[in-house]
Amino acid sequence: MEKNAGESNGKSKNKFDIVIVGAGISGMYMLYKMRELGLSARVLEKGSGVGGTWYWNRYPGARCDTDTLEYSYSFCEELQQEWEWPERYPTQPEILRYLNHVADRFDLRSDISFDTKVAAATFDESAGRWCVRTEDGMELSAQFLVMGTGCLSSPNTPRIEGTDSFEGPIYHTGKWPHEGVDFTGKRVGIIGTGSSGVQSIPVIAKEADELFVFQRTPQYAIPARNGPVDREAVAEIKADYAGFRARNRLEPSAQLSHYPANDVPALEVDDTERDQMYQERWDVGGFPFYGAFNDILINQEANDTAAEFVRSKIRSVVTDPEVAEMLCPPHTIACKRAIIDTGYFETYNRSNVHLVDLQSTPIEAITANGIRTSDTEYELDCIVFATGFDAMTGTLLKIDIQGRGGLSLREKWEAGPRNYLGLSVPGFPNLFTVTGPGSPSVLTNMVVAIEQHVEWITDCIKYMGEHDHDSIEATQKAEDEWVEHVNAVAATTLYPTCTSWYLGANIPGKPRVFMPLPGFPDYAAKCEEVAAKKYEGFDLT
Ligand code: NA7
């Protein structure tokens, strides 16, 4: 652990060109790029190691749902050629091993302070610099501040009466103990059936004596069909990795160019042909399912056909018809974050797994011995919260960020996040948010979104250096127009129509604003255009 190291480029201690918050995929790459520019940079990371999301989310079955060959950095040809991924989807330990390898290979750790949580960042107008304060009292000064704090990095633990009285251990999937948890012989209760619940439930079920799943909203899930990577396909991709990456960047979610969406509306084919197309993609597994037709996410009637197809699969897998009905979601499919699974619905056929429907019997309290719903008390040895995150803005707003004139980001975003390009906020000069709200972020392959932002920020800082600019700040007009644009694009889709963390709807009291921007290629083109027009929409001084 290295705190207070900061003598690079002959600058005084704790004075840097740039401070980067977070040593996940964003922060690590940002550091690499700043070094390329010859700038002094310090990364502040609250964990004891690199990896961000993949450092914290160590729950049983944790795995990425983007194909391994796509979920990796593209900036170094040797790195992408040399690294071998064993399976179609990478496990959490495998991704963390990869990110540690990257940190070692590029000697990144020497500029990262671990176990260092940022408490506040204040823009000092007279000096034109950010003063960053950590929880343990360290102060750093930097011209630029980049928030690589991640979109899903503030775990959400709902306030349930009596939680403190529970006598057994309570875990959260988003901050899982490093030493792991042995559920053997235990009665386990798990709250939440999003990706984390859907991934961990089948694994915990195999170990636990009894598993009680407390489900508030049933979820659609598409079989992952994970398995060893196809070596021939890997060789083909590696023969032209750059081409593969470029093709992926042209896809709306910056991935899956090898399995693009069919350009056919769902209702233009008859029922038999439609089911065949769904079945084909169901057999392939994973997100290509949603590309069966081109209007699943924009037309409710089309969406209903996909939803009904998945419901029919749930009914065919789950043997108890009552349980099957409880597991069948009524809502728009893929409107909440889409999920892929391995043996999730099959798990409910096990005699040690019990589904508790919180819609008919809500949780009233956590007691010393377990969870009490409106009709019974479930005795448990431990409880797992798989209840997600205060997504996209949670971590940014936990830090007391104050810009020009003492303007606080918390106040500025009281009614929801507002910015320009998801990158920059008026009133907060030289502050950049990597994959911030208002950018494609969580609707894309995150690594692609991160690389695009880090490279854009790097080019911007380079441009400023070459043109003697000290400060860059988005204009109010640019912010207003951008917010309008993001809302208009979201409104062309079905996304805003249901309760999801995309909308902040999972956090009581959080403003309902659709935060990510659908459509990576148009967004990336806009960012390029802004740069080509000498940072149109920004004030440069
Ligand atoms: P998610 O997707 O936000 O899922 C959280 C789950 O927890 C979801 O089923 C919620 O039900 C449930 N939840 C949240 N609060 C409560 C309360 N108070 N009571 C009962 N149930 C609750 O988080 P994940 O960690 O699974 O996944 C996050 C992302 O990681 C995922 O989207 C991928 O990007 C990877 P709800 O649906 O809100 O009714």
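How many nonpolar, polar and charged residues does the shell around the ligand have? I shall answer that shortly, after a word on the model.

This is a predicted model, in which local features need pLDDT of at least 70 and side-chain atom pairs count only at pLDDT 80 or more, while totals for chains, interfaces and linings use all residues. Residues are numbered from 1 along each chain as its sequence is written, and side-chain values use heavy atoms, with hydrogens and water left out.

The average pLDDT, the predictor's confidence in each residue from 0 to 100, is 96 for the chain, and 98% of the residues score at least 70. Over residues 1-11, however, the pLDDT is below 50. Where pLDDT is low, the predicted coordinates should not be read in detail.

Now, the ligand. It is surrounded by 18 residues, each with a heavy atom within 4 Å of it; S196, R216, T217, K336 and R337 are the closest. By class, the shell comprises 7 nonpolar, 8 polar and 3 charged residues; here Ala, Val, Leu, Ile, Met, Phe, Trp, Tyr, Cys and Pro count as nonpolar, Asp, Glu, Lys and Arg as charged, and the others, Gly among them, as polar.

Turning to individual atom pairs, a polar side-chain atom of S196 lies 2.6 Å from an oxygen atom of the ligand. For T193, a polar backbone atom is 2.9 Å from a ligand oxygen, and for W501 a polar side-chain atom is 3.2 Å from a ligand oxygen.

Methods:
Contact means heavy atoms within 4.5 Å. A polar contact is a pair of N or O atoms within 3.5 Å; within protein, one must be able to donate a hydrogen and the other to accept it, and residues adjacent in sequence count only if both atoms are side-chain atoms.
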